[in-house]
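Biologist: Could you take me through one helix pair in this model, up close? I'd like the geometry and the residues that make the contact.

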Amino acid sequence: MKKRVIKAIKDELQCEFVLEKPKDLSFGHYATPIAFSLAKKLRKSPMIIADELCKKFENSTIFKEVTSVKGYINFKLSEDFLDEYASWALLNESDFGKSNKTGSILLEYVSANPTGPLHIGHARGAVLGDSLYRVGRHLGYKITSEYYVNDAGSQMSMLGLSIYLAGRENVLHVEVEWPEEFYRGEYIVDLAYEAKEELGVEVFNDESNIEKLSLWGKDKMIELIKSNLADVGIEFEQFVSEKSLYPKWDESFKKLLESGKVYEEGGKTWIRSTDLDDEKDRVVIREDGRPTYLAGDIIYHDNKYQRGYDHYINIWGADHHGYISRVKAAINFLGYDEKKLEVILAQMVALLKGGEPYKMSKRAGNFILMSDVVKDVGSDALRFVFLSKKSDTHLEFDVDMFKQEDSSNPIFYINYAHARINQVFNKSGKTLEDIQDVKLENLNEDAANLLYSALLLPEVLEDAFESRQLQKLTEYLKSLSSSLHKFYNENRVVGTKDEDKFLKLLAMVGVSLRVGLSLIGIKAKDKM
RNA sequence: GCGCCCGUAGCUCAAUUGGAUAGAGCAACGGACUUCGGAUCCGUAGGUUGUAGGUUCGACUCCUGUCGGGCGCACCA
């Protein structure tokens with residue numbers, strides 16, 4: 001819709017302009033403040049310029065009215081245009097809101113260590129990533145979703161050790177001395193019992209089995225993480241193992257050497273990341289020859305860029321923000337354009353229960369399992385809440401609030417709107433076929449505004465994706481639902497002379513709600 | 001100490017990325033069911049956008065300072 005409007009205006013004005021939506025619909029459907037920017041150049045008052053420009057649209061078919069108000073030019077769409085668009089959308093629901101975006105994107109998210117179940121902090125990035133994936137695909141981008149599995153490094157041996165010690169303590173009932181750092185939490189004990197079943201109790205007899213336990217435990221944890229993700233409707237296209245990349249280190253390292261940004265000092269190998277605004281240079285190979293974690297990420301990003309995507313998005317937890325500059329520097333040294341990498345930081349989630357704050361930690365056992373919250377509030381509500389806030393703001397919510405199922409839960413409100421539409425159709429006894437050819441004309445103000453709102457979905461989707469701010473979509477769905485409820489309360493549909501027109505209008509709202517919800521991973525309810 | 005993020009109604013959050021009178025939901029108060037589901041709707045009240053300057057036709061938005069809160073500052077991952 002917006003595209004056609006832009007084209008129509010451009011044909012007349014012959015210059016670039018900003019198109020926006022007026023604060024108040026009574027002004028019009030679209031508006032441009034172009035007269036303000038032209039005022040300087042033309043040395044005339046914005047009001048006079050706006051008046052003159054308005055005259056150019058007198059014969060337009062797409063606009064019913066073009067007016068100038070205090071220097072703004074406001075455009076009101078014609079009913080013909082809106083009706084035609086709605087008719088098309090009703091017949092092509094699955095294509096509604098699609099666009100012709102081109103370009104390939106590699107989207108990496110979650111990538112939590114395979115050392116335990118996902119906790120609530122992971123959920124935010126997970127939901128954001130999956131929803132961006134869905135919306136982006138709908139718009140036409142070729143997006144691939146990927147999970148980077150950190151299956152190398154010391155946390156893996158710590159996992160093995162933790163299971164080993166938990167087995168000795170709980171299965172063998174031997175007194176054990178716990179080290180300062182280990183994985184706590186009941187899942188480790190559960191794993192120990194499971195290991196006894198699958199690997200035999202003797203696995204806890206000897207420390208030499210720790211590595212075996214760590215490999216076994218890692219696979220179990222990946223399975224667990226996958227099922228945690230599946231519970232909220234998330235499935236990854238591919239998993240990339242950190243460990244499997246290490247044989248390629250020599251190849252990547254050679255590229256770094258060619259950049260001349262590598263040097264040795266104190267027996268260690270460093271990259272000169274300070275040349276690209278990092279706060280200090282970084283070690284990539286330790287004194288004993290073992291590569292650091294950064295080395296793994298260097299190989300990984302080398303690998304990503306070799307796959308030749310147009311754009312790369314990584315969703316990281318906010319606690320990784322200090323890591324961005326060194327990775328970007330490394331990408332540059334590898335000979336790639338680091339600007340193609342975009343890092344989205346998902347801020348911390350603070351969870352409350354009965355007003356008491358929870359402190360979340362992965363190392364300590366005291367974290368909130370994502371699966372527990374999903375059980376409490378449901379996948380739909382969890383997804384909706386996490387998407388409702390900008391990803392760079394700190395989010396805080398109380399679990400108890402979401403346990404009570406009432407209207408304060410926005411997902412209820414939206415589903416109810418969708419169910420109402422269904423209800424009215426049932427009551428009328430009519431189907432989509434019966435009313436799709438009715439012309440939407442001479443609508444009252446409520447109906448006209450509702451129709452326009454429903455048709456806004458495509459541009460909301462595009463805006464939400466391009467700005468990576470999906471709260472624009474959730475806000476839209478809430479506001480469309482609110483308009484629907486308002487309309488419902490003030491306009492009777494069944495048995496009135498406007499019945500067919502209104503049914504078509506409601507059907508259009510239903511399409512937008514369904515499509516919008518499905519793109520954030522929620523299935524609209526037909527009944528409550 | 002340095003860096004990044006965030007301060008908007010009592011609470012949780014929006015604000016078309018520099019535009020028109022800063023908006024929703026909870027919570028409070030007052031209204032609307034002999035009618036398609038009242039799980040809804042309407043109204044009232046609530047604001048010097050942390051604070052002090054600056055930039056311009058115009059600032060919640062950009063710049064500088066300052067005060068709060070969070071996160072990070074490893075050869076861990």
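Modeller: Helices α6 and α8 are roughly perpendicular to each other (angles of 65 to 115 degrees count as that, under 35 as roughly parallel, over 145 as roughly antiparallel and the rest as oblique), because their axes cross at roughly 105°. Those axes come within 7 Å; they are lines fitted to C-alpha atoms over the stretch in contact, with angles running from 0 to 180 degrees between N-to-C directions. α6 covers residues 154–170 and α8 residues 210–230, where a helix is a DSSP run of H or I with at least four residues, a strand is an E run of at least two, and both are numbered from the N terminus.

Before the side chains, a word on the source: this is a predicted model, with local features needing pLDDT of at least 70 and side-chain atom pairs counting only at pLDDT 80 or more, while totals for chains, interfaces and linings use all residues. Residues are numbered from 1 along each chain as its sequence is written, and chains are lettered from A and ligands numbered from 1 in the order in which they are written.

Back to the pair. On the α6 side, the contact uses Met156, Ser157, Leu159, Gly160, Leu161, Ile163 and Tyr164. α8 brings Ile210, Glu211, Leu213, Ser214, Gly217 and Lys218. Contact here means C-beta atoms, placed from the backbone, within 7 Å of each other. Sort those residues and you get seven nonpolar, four polar and two charged; Ala, Val, Leu, Ile, Met, Phe, Trp, Tyr, Cys and Pro count as nonpolar, Asp, Glu, Lys and Arg as charged, and the others, Gly among them, as polar.

Now zoom in on Leu161, which sits in α6. Leu161 is buried, because 20 other C-beta atoms lie within 10 Å (the cut-off is 20 or more; 12 or fewer is exposed, and in between is partly exposed, with C-beta atoms placed from the backbone). Leaving out residues up to four places away in sequence, Leu161 touches Phe182 and Ile210. Asn209 is 48 residues from Leu161 along the chain, yet their C-alpha atoms are separated by 9.1 Å.

For the wider setting, domain 3 runs over 154–230 in the domain assignment of chain A, whose bounds are automatic or from a database. Its centre and that of domain 4, taken over C-alpha atoms, are 32 Å apart. Chain A as a whole has 21 helices and 14 strands, and 38% of its 528 residues are buried.

How values were computed:
Contact = placed C-beta atoms within 7 Å.
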